[in-house]
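This report walks a newcomer through selected local features of one protein model. Please keep the sequence and the structure at hand while reading.

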Amino acid sequence: MPETFVHKFDTPVFKGEVSVPLGLYINGKFVDGSNKTTIDVINPSNGKLITKISEGTPKDLDAAVDAATKAFDTVWGLHTNGVERSRLLNKLADLMEQHADTLAALEALDNGKTFGWARKTDVDHSIRCIRYYAGWADKILGQTIETSEAKLTYTRHEPIGVVGQIIPWNFPLQMFAWKIGPALAAGCTIIMKPSEFTPLTALYMSKLIDQVGFPAGVFNLVNGYGHVVGQAMAEHRGIEKIAFTGSTLVGRKIMEAAAKSNLKKVTLELGGKSPSIIFDDADLEQAVKWAAFGIYYNHGQCCCAGSRIFVHEKIYDQFLERFTNHVKGLKVGDPFDPEAFQGPQVSQQQYDRIMGYIESGKADGAKVHYGGERVGQEGYYIKPTIFTETKPQMKIVQEEIFGPVCVLIKFRDEDDIVAQANDTIYGLAASVYSQNVTRALSTAHKIRAGTVWVNTANMLYPQVPFGGFKQSGIGRELGGYALENYTAVKSVQVNLNISLS
């Protein structure tokens, strides 16, 4: 039997004892990995060991696929109607509400995001997401199509089957909800692989799913490393579809493996280098606050982070002064400090990556206007960083840093900013700040990105689709569009009175 992690929280914002199963969840049971090996889970606040989780292997993945296939063929898929799928999803959302503080505390513990932000954004959004797809479960409709009075022709949107889902470490709970919501609503069965850096909320959610009473094998979870379990999932011929959120580099590998195996359906939500565009008629105070939120929220570890801030040359100096003063007021501290805005980066690896980009910017001749250094003596804390005096070819301008680092760049006019904003391999998101609605919308329509916010940033809703252009991904998460990822369209033609001579 796998071990259980028991942790007593005694913090200013949350107190209580939490119990998390540490095994794999396969066919309705928590089990040890077949090799009996473990993976360390590290606290990013201090670099110390939190616990060890069971490590999955390709053999464990095979067992999970077998369980998911059996469940799809016997007790889920077309064997459970939408009303029942909706009931179970709503029951899961009810349990999540009852355990909301616990989920937020676990996010803060192994991810490093602040408890306050985890509670009011990650957890609440995840609950709304599950409820949203509970509402969809009995509303997945086909069409009747007129062909001839002698025939009845219609379409069915049927669940695609067994799906693999690989989620990242930056929003562990939200990505869990984004993935399972549409898949379960559509009638698919699931094998989930959480990030080895941040597995605790996924494991806790597995416990809640078990309590809800989903049939065994409908949801399965296999911990493991990406190059082992993730690779095996992408290659597995028993998996009909794979959904991945993470880096563009890994997305390419998954797409290649999927093509070389059974040509499984693939959706990818990948990286970004999002522009924030500040026109000279913007509400400067609000633009400063939203632009800062756009880059420094979640410690800059957002695929849609507004890391390139373009400011009209007429207001550049004024914006820079106000922006700098605002950023200086963002407290970096312990995730359970009620006044902290930014916690530590998720891991030593990510800390080193970000600091490497900062050193690259310096070496290339960019100016560190503010920040660029660690905070404290332990943990993976980095001061919010502002670069100025950059050039378009610099790595810090072109590449995704995935940390609390932005570049401020001047622009002249609308044609200039559209060209600069689109000068990237990515196309996930953008923000435009202007009081002139015609200018704002005209610019928004010219930006090659899947989401464009006007006078706001990082606002996501379960009912609004999210995904990227160019190398930021394939397909859409959220909204009714996400259901298309988990269904296959079947055409049925019925002969009413056509006879062959």
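## Buried and exposed residues in a predicted model

H299 is buried, with a relative accessible area of 1%. In this predicted model, H299 sits in the loop between helix 9 (284-296) and strand 14, and although H299 is not a glycine, its phi is positive, at about 65°. A positive phi is also found at K36, again a residue other than glycine, where the angle is near 60°. K36 belongs to the loop between strand 4 (29-31) and strand 5 (38-43), and with 60% relative accessibility K36 counts as exposed.

### H312 and strand 14

Another histidine, H312, lies within strand 14, and H312 is buried, with a relative accessible area of 6%. A polar atom of the H312 side chain lies 2.8 Å from the backbone oxygen of R412. When residues up to four places away in sequence are not counted, H312 touches I278, F279, D280, F411 and R412.

### Helix 13 and its cover

Strand 14 (308-312) is also among the elements that cover the buried residues of helix 13, together with strand 13 (275-278), strand 17 (405-411) and helix 14 (437-446). Which residues of helix 13 are buried? In this helix, which spans residues 414-421, they are D416, I417, V418 and A421. An α-helix has 3.6 residues a turn, so residues three or four places apart point the same way. The N-terminal end of helix 13 is capped by D413, a side-chain oxygen of which lies 3.3 Å from the backbone nitrogen of D415.

Helix 14 also holds V437, a residue that is exposed, with a relative accessible area of 56%. V437 joins L441 and V454 in making a nonpolar surface patch of about 230 Å².

### A buried arginine without a salt bridge

R85 is part of helix 2, which covers residues 82-98. How far away is the nearest side chain of opposite charge to R85? That side chain belongs to D138 and is 7.9 Å away, and R85, although buried, has no salt bridge. Because a salt bridge requires the nitrogen and the carboxyl oxygen to be within 4 Å, the distance of 7.9 Å between R85 and D138 does not qualify. A polar atom of the R85 side chain does, however, lie 2.6 Å from the backbone oxygen of T80. Leaving aside neighbours within four places in sequence, the residues in contact with R85 are W76, G77, T80, A137, L184, A185, A186 and G187.

### A buried glycine in strand 22

G473 lies in strand 22, made of residues 473-474, and at 10% relative accessibility G473 counts as buried. The C-alpha atoms of G473 and G272 are separated by 9.4 Å, while the two residues are 201 residues apart along the chain. Once neighbours within four places in sequence are left aside, G473 is in contact with L268, L270 and G468.

### Salt bridges

The structure holds 25 salt bridges, and the table below lists some of them.

| Acidic residue | Basic residue | N to O distance |
|---|---|---|
| D10 | K15 | 2.8 Å |
| D337 | K331 | 2.6 Å |
| E373 | K383 | 3.0 Å |

E373 and K383 both lie in the loop between strand 15 (367-370) and strand 16 (385-388), so their salt bridge ties together parts that are 10 residues apart in sequence. E373 is partly exposed, with a relative accessible area of 40%, and K383, at 22% relative accessibility, likewise counts as partly exposed. Salt bridges that share partners also join D280, D281, K314, E414 and R439 into one network.

As for the other pairs in the table, D10 is exposed, with a relative accessible area of 62%, and K15, its salt-bridge partner, is exposed as well, with a relative accessible area of 57%. K331, which pairs with D337, counts as partly exposed at 33% relative accessibility.

Note on methods
Residues numbered from 1 in each chain as written. Predicted model: local features only at pLDDT ≥ 70, side-chain atom pairs only at ≥ 80, totals over all residues. Heavy atoms only, no water. Helix = DSSP H or I, 4+ residues; strand = E, 2+ residues; numbered from the N terminus. Buried < 20%, exposed > 50% of the residue type's maximum accessible area, 1.4 Å probe, protein only. Lys, Arg positive; Asp, Glu negative; His and termini not counted. Polar contact = N/O pair within 3.5 Å; in protein donor to acceptor, adjacent residues only side chain to side chain. Contact = heavy atoms within 4.5 Å. Patch = residues over 30% accessible without salt bridge, like charges linked within 9 Å, V, L, I, M, F, W, Y side chains within 5 Å. Areas by Shrake-Rupley, 256 points an atom, 1.4 Å probe, with all protein chains shown as cover.
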